[in-house]
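Could you open this one up and follow along with me? I've jotted down a few points to look at.

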Amino acid sequence: MTAANHRWFSRTAATVGLFLVALTVLLVPAGPASAHAVLVSSSPPAEVVLTSAPAEVVLTFSESVREVPDKIRVLGPDGSRVERGGPSFDGNTVAIPVDQTGPQGTYLVSYRVISADGHPVAGGFTYSVGAPSAPPTDSGADDSNPVVATAVKVAKFLGYVGLVLIVGPVLVLGLLWPQRLSRRIPARLVWIGVGLVAVATVAGFWLQVPYTTGGGPFEVDGGQLGDVLGSTFGAVHLIRLGILAAAAILLAGVLREPDAETPAAPATRTDHILLAALGVAGLATWPLAGHPAASPVPAISVVVDGVHLAGMAVWLGGLLMLAGFLLRQADERELGAILPVWSRWAATAVAALLLAGTTQALIEVGTLDALFSTTYGQLLLTKVGLFAVVLAVAAYSRQLVRRRTAAGRPGRMRQAVIAELVVTVVVLAVSATLVQTTPARTVAADTAAGVGYFNATLTSPVYALRVVVDPARTGNNSVHLDVFTPDNQQPKEVVEWRATAALPAAGVEPIEVPLLPLTANHATGEINLPTPGEWEFRFVVRTSEIDQATVTTTVPIG
């Protein structure tokens, strides 16, 4: 194929690829505006005691969710499943028909669903019919395979490494590379990057099945892969592979080194524009398949995350080319021309990283408390700390360039660049974990929506007492008490109940909690807790004329 024909074919393939990307993006439905679904309500409510069994259990989430087969279960007091037919999904609502003829006692609802950003969300709660009993157990919905969880992070990391090996080296080869130097080895780096992105994309697509179902890495079938393919996550990964294939066709011409036998015309401005357009489209697939696409402001988050990735790839990829090739092979005159340009590139990339990272952090963290109290926030702080080290080394490198000493003494510059590379690779590893971690704002929302109550089992030689204080906040609170045998297996009849609540730290003397017995072993009461703090609850329960015991617990009230 002649150089002219090759260029025509490359441009045509790239243009078709961009057209297909645009068409697919237009056809893929927009995702809901939040990340990681949160169970905001249920019917029946958690911990409630009903006089008769419900016909269905309804779960309402903070966003639309998708089904994980056989991961939504309702278990009766004897541990048997009581669903009657599969669950029905309608946006953010899931309805589960249940058998109304089941025995009296405590039922367990466990669920595992897929949220808008492709991450699984699991949980459970209990309700009782007639009278509470020892709750059944079911860990199946919350299963997770540690091998799969690790493999997903490794795939993310390899994808980032591949992106770095493509973007930075291609820019340097296209705009800064001296003509006299061979580009054969740097071109190999680019092709390695293309391979890593392809492998990481296919692996991410495959691992999405066991990641959401909780199975092993090879517990995958065609139907499950079809479900992933029909999701936004799967569509975006296929788009990435298509973009990669179109870009590879252009790269074959851009990276080819002319020789006497196979002369090749240099890449034109049109080739570079098409390649840049494919690069922008390819970068967008990362945020479209993760947290940013499902944030409260998805359009801003996708753009910001794309800028963040671009800045990282330009900076780290350029550093790799400097340390591995230019600072070793270019002469002083060439370095004198290259390093000032690279210094400006690096400054722009760092500014983009800082601005985009700050914006994304504000969106994903939400509050200062969440920054320090959640895993996401702590990982983000670790990333910021490492990034500060990189900035310090980069500032030293920039000083060398300003003093015009780097071209004449490239050894010092190379040492600084290698230090930047080492620390930045660690930053990439932290980022690969960060994108698989529940955003801090979602953890805070989950706490407010689903964990805003106190639940504990207190033991004594006479009985075991389960205590629920809901919502465990200042103001009106409901207190639910259930008494079981000391082994916590069977309900135990109660003759007399008494309860008080006090806040010694604030000088609040014990307040009596008026209790209403609803069944032989269950009582409930209402109390107003006006002040936040560590409230001390004291329960006196008499189960016969002579058997009585007192138990206490501390309930944090926010």
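Here are my notes, point by point.

1. First, a reminder: this is a predicted model, so please read the points below as descriptions of that model.

2. Start with the open sheet. Five strands make it up, in the order β10-β11-β12-β16-β15, and the pairing is antiparallel. As a general reminder, strands in a sheet pair through backbone hydrogen bonds, and that pairing can be parallel or antiparallel.

3. Which strands stand at the edges of the sheet? They are β10 (454–459) and β15 (515–517); each has a single partner strand, so one side of each is left without a neighbour in the sheet. On average, neighbouring strands here are turned by 20° against each other, ignoring direction.

4. Now take the β15 edge. Three bridges join β15 to β16 (residues 522–529), and the two run antiparallel. If you want a spot to click on, leucine 515 stands opposite glycine 525 in β16.

5. Next, the surface. Leu368, Phe372 and Leu381 form a nonpolar patch there, and together they have about 320 Å² of accessible area. Of these, leucine 381 lies in helix α10 (residues 375–402). Is leucine 381 buried or exposed? In between: its relative accessibility is 35%, so it counts as partly exposed.

6. Last, have a look at valine 167, in helix α2 (residues 146–175). Leaving out residues up to four places away in sequence, valine 167 touches Ala313 and Val314. Methionine 312 is 145 residues from valine 167 along the chain, yet their C-alpha atoms are separated by 9.5 Å.

How values were computed: Residues numbered from 1 in each chain as written. Predicted model: local features only at pLDDT ≥ 70, side-chain atom pairs only at ≥ 80, totals over all residues. Heavy atoms only, no water. Pairing = 2+ DSSP bridges. Helix = DSSP H or I, 4+ residues; strand = E, 2+ residues; numbered from the N terminus. Axes fitted to C-alpha atoms, helices over the stretch in contact; angles between N-to-C directions. Patch = residues over 30% accessible without salt bridge, like charges linked within 9 Å, V, L, I, M, F, W, Y side chains within 5 Å. Areas by Shrake-Rupley, 256 points an atom, 1.4 Å probe, with all protein chains shown as cover. Salt bridge = Lys/Arg side-chain N within 4 Å of Asp/Glu carboxyl O. Buried < 20%, exposed > 50% of the residue type's maximum accessible area, 1.4 Å probe, protein only. Contact = heavy atoms within 4.5 Å.
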